[in-house]
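Good morning, and thank you for joining. Please look at the sequence and the structure together while I speak.

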Amino acid sequence: MIQNHKRPPASLLFIFGGSGDLNFRKLSPALYNLFIDEWMPEKFGIVGIGRTEYTDDKYRAHLLDGIKQFSRRKDEQNGKWQEFSKHISYLQMDAESEEEYHKIAEVVKEKEKQYGEHPNVIFYMAVAPQLVPDIASKLGPLNICADTKCTRIVVEKPFGHDLDSAHELNTLLSSMFSEEQIY
């Protein structure tokens with residue numbers, strides 16, 4: 001493959017709902033395809049966050065099952081999975097427990113040392129709409145969220161469960177993140 005594109009800077013993707021169906025069927029297969037096509041950064045990490053008990057190895061095996069079933073490139077492994085899977089880890093935590101959010105900051109600091117630079121940090125909400133406000137409220141105060149140039153929050157649809165809750169969520173997110181940080 002001739003590479004004629006610039007790869008993104010170091011990035012760290014946290015997937016809330018990392019043990020869930022959306023990640024299993026859609027996100028991880030899509031990320032794997034981006035990796036095969038060399039659109040992922042050279043330095044990147046994918047951290048699934050969930051309550052389910054997984055070791056990193058069991059989590060990777062779980063995601064590989066999803067890729068084998070749902071990736072458009074499921075038959076093009078060519079040893080790429082081994083390389084890709086080195087970038088995947090699992091963080092078991094209860095997203096409703098404010099005390100556990102320090103774990104996220106610790107992962108960011110660890111990766112910062114490993115990469116030799118501060119990575120772009122993306123929080124992907126692959127959770128039920130009613131959980132997003134609580135998670136966002138706990139992420140907002142983390143020091144890593146203050147840098148508007150390299151921190152993003154992605155809210156999977158539906159955005160709220162009706163018009164009023166969508167407006168409330170928009171107001172909440174806007175109070176903690178700048179507009180260019182919210183997707």
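How do the residues of the lining of the second largest pocket divide into nonpolar, polar and charged? I shall answer that shortly, after noting that the model before you is predicted.

The second largest pocket has a volume of about 220 Å³. Its lining comprises 14 residues, and those closest to its centre are L13, L31, L34, M40 and I122. Four elements give two or more residues each to this lining: β1 (11–16), α1, β2 and β4 (120–125). Of these, α1 supplies the largest share, with four residues. The answer to my opening question is that twelve of the lining residues are nonpolar, two are polar and none is charged.

Let me turn to the largest pocket. The space in it amounts to about 270 Å³. Its lining has 18 residues, and G17, G50, R51, V127 and L131 are the ones nearest its centre. Here the elements that contribute two or more residues are α1 and β2. This lining consists of nine nonpolar, five polar and four charged residues. Charged residues therefore appear in the lining of the largest pocket, whereas the second largest pocket has none in its lining.

The strands come next. β1 and β2 run parallel and are joined by six bridges; in one of the pairings, L12 has G45 of β2 as its bridge partner. β1 is also joined to β4, again in parallel and by six bridges, and I15 stands opposite Y124 in β4. β4 in turn pairs in the parallel sense with strand β5, residues 151–155, over five bridges. In that pairing, the partner of I122 in β5 is R152. I122 was named earlier, being among the residues closest to the centre of the second largest pocket.

Is β2 mostly covered or mostly open? It is mostly covered, with seven of its seven residues buried. Both of its faces are covered: F44, I46, G48 and G50 lie on one side, and G45, V47 and I49 on the other.

Now to helix α2, residues 56–70. With 15 residues at 1.5 Å a residue, α2 should span 21 Å, and its end C-alpha atoms are 21 Å apart, so the two values agree. Its buried residues are Y59, R60, H62, L63, L64, G66 and I67. In general, an α-helix has 3.6 residues a turn, so residues three or four places apart point the same way. The cover over the buried residues of α2 includes α1 (21–36), β2 (44–50), α3 (80–85) and β3 (88–92).

I close with the loops. Which loop holds E38? E38 lies between α1 and β2, and it has a positive phi of about 60° although it is not a glycine. Its relative accessible area is 22%, so E38 is partly exposed, the buried class being under 20%. W39 is found in the loop between α1 and β2 as well. At 42% relative accessibility, W39 also counts as partly exposed.

From W39 to K157 there are 118 residues in sequence and 24 Å in space, C-alpha to C-alpha. The peptide bond from K157 to P158 is cis, with omega near 0°. P158 belongs to the loop between β5 and α6 (163–176).

Key. Residues are numbered from 1 along each chain as its sequence is written. This is a predicted model: local features need pLDDT of at least 70, side-chain atom pairs count only at pLDDT 80 or more; totals for chains, interfaces and linings use all residues. Side-chain values use heavy atoms; hydrogens and water are left out. The expected span of a helix is 1.5 Å times one less than its number of residues. Buried means under 20% relative accessible area, exposed over 50%, partly exposed in between (1.4 Å probe, protein chains only). Contact means heavy atoms within 4.5 Å. On a 1 Å grid over the protein atoms alone, a cavity is a set of points where a 1.4 Å probe fits but cannot get out, and a pocket is an open set with protein on both sides within 12 Å along at least five of seven lines; lining residues have an atom within 4 Å of a point. Grid points are joined across faces, edges and corners, and a volume is the space filled by probe spheres set on the points. Ala, Val, Leu, Ile, Met, Phe, Trp, Tyr, Cys and Pro count as nonpolar, Asp, Glu, Lys and Arg as charged, and the others, Gly among them, as polar. Two strands pair if DSSP finds at least two bridges between them.
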